[in-house]
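Work through the exercises below with the coordinates open. Each task is followed by a solution in steps.

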Amino acid sequence: MTLENISCQKSFGGWHKRYRHRSRVLGCDMVFGVFLPPQAEQGGKLPVLYWLSGLTCTDENFMQKAGAQRLAAELGLIIVAPDTSPRGPDVPGDPDGAWDFGLGAGFYVNATQQPWAQHYRMHDYVVDELPALVEAHFPASEQRGISGHSMGGHGALVCALRNPGRYRSVSALAPISNPMACPWGQKAFTRFFGEERARWKAWDTCALIAEATEKLPLLVDQGDRDDFLAEQLKPEALEKAARAADHPLTLRLQPGYDHSYYFIASFIEDHLRHHAKALGLA
């Protein structure tokens, strides 16, 4: 598969690069960012953290705002940030032009309903196609971690829970923990999967935890001044599901923090170190 390099910046002794490629899974061109720490030029393969961003974001938000490169360079950790949805003139968006569904809001699922099913297969893209591409073109090992924010936190938890053995570590910041029970998730799932709620369970963290065969420890941070906390994010549902399933969860409610990248930047070091330990870097 051909990669087109579209930008390149030196950062903390490594390189942040952006690439465009044609996605077979999504049926459109996609862009992703990759931070290659200095160790990438020294031979050998390095573990990878896949970061999934939230609603309205692209591959650039995390790389520009989270401040993760300094510690990733110290640890020898590659970071890969895909876009949040398929893009392009042939990809349908929200019919009403809303920001919380469609373009920029793919929810990291495999849609089954038309007109979404042809392109909205972000789960398979993140779990299979993108890692295969990264591992073929960069000094990236098969040791993978996954993390994300908001919709991307939902995506990270679901990708890990649905694919035992695929990841060595998982974490999330302010994830949409129980999409079946919140307006963002209900809107997306109705369109992607239809009205039958039984189909939604395969994409809901709280439902997946109940049946998980692998119990990767979950690290979740949530700000207590997050405007979306009560209606959309529902960390209490995640805590209840993890307790019922005896699934290891560290849920930290952070006083005074909101949903922004100021929150993410404040706790990204804890998350990188969480992944580094599981990936054998610390």
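**Exercise 1.** Determine whether Tyr 120 is buried or exposed, and classify the aromatic pair formed by Trp 116 and Tyr 120.

Solution. The model is a predicted one.
- Step 1: The relative accessible area of Tyr 120 is 0%. Buried means under 20%, so Tyr 120 is buried.
- Step 2: Trp 116 has a relative accessible area of 8% and is buried as well.
- Step 3: The ring centres of Trp 116 and Tyr 120 lie 6.0 Å apart, with 75 degrees between the planes. Planes over 60 degrees apart count as edge-to-face, so this pair is edge-to-face.
- Step 4: Both rings belong to a cluster linked by ring pairs, which also includes Phe 101, Phe 189, Phe 192, Phe 193, Trp 200 and Trp 203. A search of the whole structure gives 17 aromatic pairs.

**Exercise 2.** Describe the pair of Trp 184 and Phe 228, and state which parts of the chain it links.

Solution.
- Step 1: The centre-to-centre distance is 4.8 Å and the planes are 50 degrees apart, a tilted pair.
- Step 2: Trp 184 sits in helix 5 (residues 183-193), whereas Phe 228 is in the loop between strand 8 (218-223) and helix 7 (229-233). The two residues are 44 apart, and the pair links distant parts of the chain.
- Step 3: Trp 184, at a relative accessible area of 5%, is buried. Phe 228, at 28%, is partly exposed.

**Exercise 3.** Find the lining of the largest pocket and sort its residues by polarity.

Solution.
- Step 1: The largest pocket holds about 190 Å³ of space.
- Step 2: Trp 184 and Phe 228 are both part of its lining. The other lining residues are Gly 54, Leu 55, Thr 56, Cys 57, Trp 99, His 149, Ser 150, His 259, Ser 260 and Tyr 261.
- Step 3: The lining divides into six nonpolar and six polar residues, with no charged ones.

**Exercise 4.** Place strand 6 (residues 140-148) among its neighbours and explain why it is largely enclosed.

Solution.
- Step 1: Seven of the nine residues of strand 6 are buried, so the rest of the structure largely encloses this strand.
- Step 2: Strand 4 (residues 46-52) runs parallel to strand 6 and is joined to it by six bridges. Leu 46 has Ala 140 of strand 6 as its bridge partner.
- Step 3: Strand 7 (residues 169-173) also pairs with strand 6 in the parallel sense, over two bridges. Here Ile 146 stands opposite Val 170 of strand 7.
- Step 4: From strand 6 the chain passes through helix 4 (residues 151-162) to strand 7, a right-handed β-α-β crossover.

**Exercise 5.** State how many cavities of 30 Å³ or more there are, and what lines the largest cavity.

Solution.
- Step 1: The count is one cavity.
- Step 2: The largest cavity contains about 70 Å³ of space.
- Step 3: Val 170 is one of its lining residues, together with Ala 160, Leu 161, Pro 164, Ala 212, Thr 213, Glu 214, Leu 216, Leu 218 and His 247.
- Step 4: By type, seven are nonpolar, two polar and one charged.

**Exercise 6.** Describe the hairpin of strand 1 and strand 2.

Solution.
- Step 1: Strand 1 (residues 4-11) and strand 2 (residues 14-23) are antiparallel and pair over seven bridges. Lys 10 has Trp 15 in strand 2 as its bridge partner.
- Step 2: Two residues lie between the strands, and Phe 12 takes a positive phi near 50 degrees in this hairpin.

Notes. Residues numbered from 1 in each chain as written. Predicted model: local features only at pLDDT ≥ 70, side-chain atom pairs only at ≥ 80, totals over all residues. Heavy atoms only, no water. Pairing = 2+ DSSP bridges. Helix = DSSP H or I, 4+ residues; strand = E, 2+ residues; numbered from the N terminus. 1 Å grid on protein atoms, 1.4 Å probe; cavity = no way out; pocket = protein on both sides within 12 Å on 5 of 7 lines; lining within 4 Å. Points joined across faces, edges and corners; volume = space filled by probe spheres on them. Nonpolar A, V, L, I, M, F, W, Y, C, P; charged D, E, K, R; others polar. Buried < 20%, exposed > 50% of the residue type's maximum accessible area, 1.4 Å probe, protein only. Right-handed = clockwise from strand over helix to strand, strands pointing away. Phe/Tyr/Trp six-rings, centres within 6.5 Å; stacked < 30°, edge-to-face > 60°.
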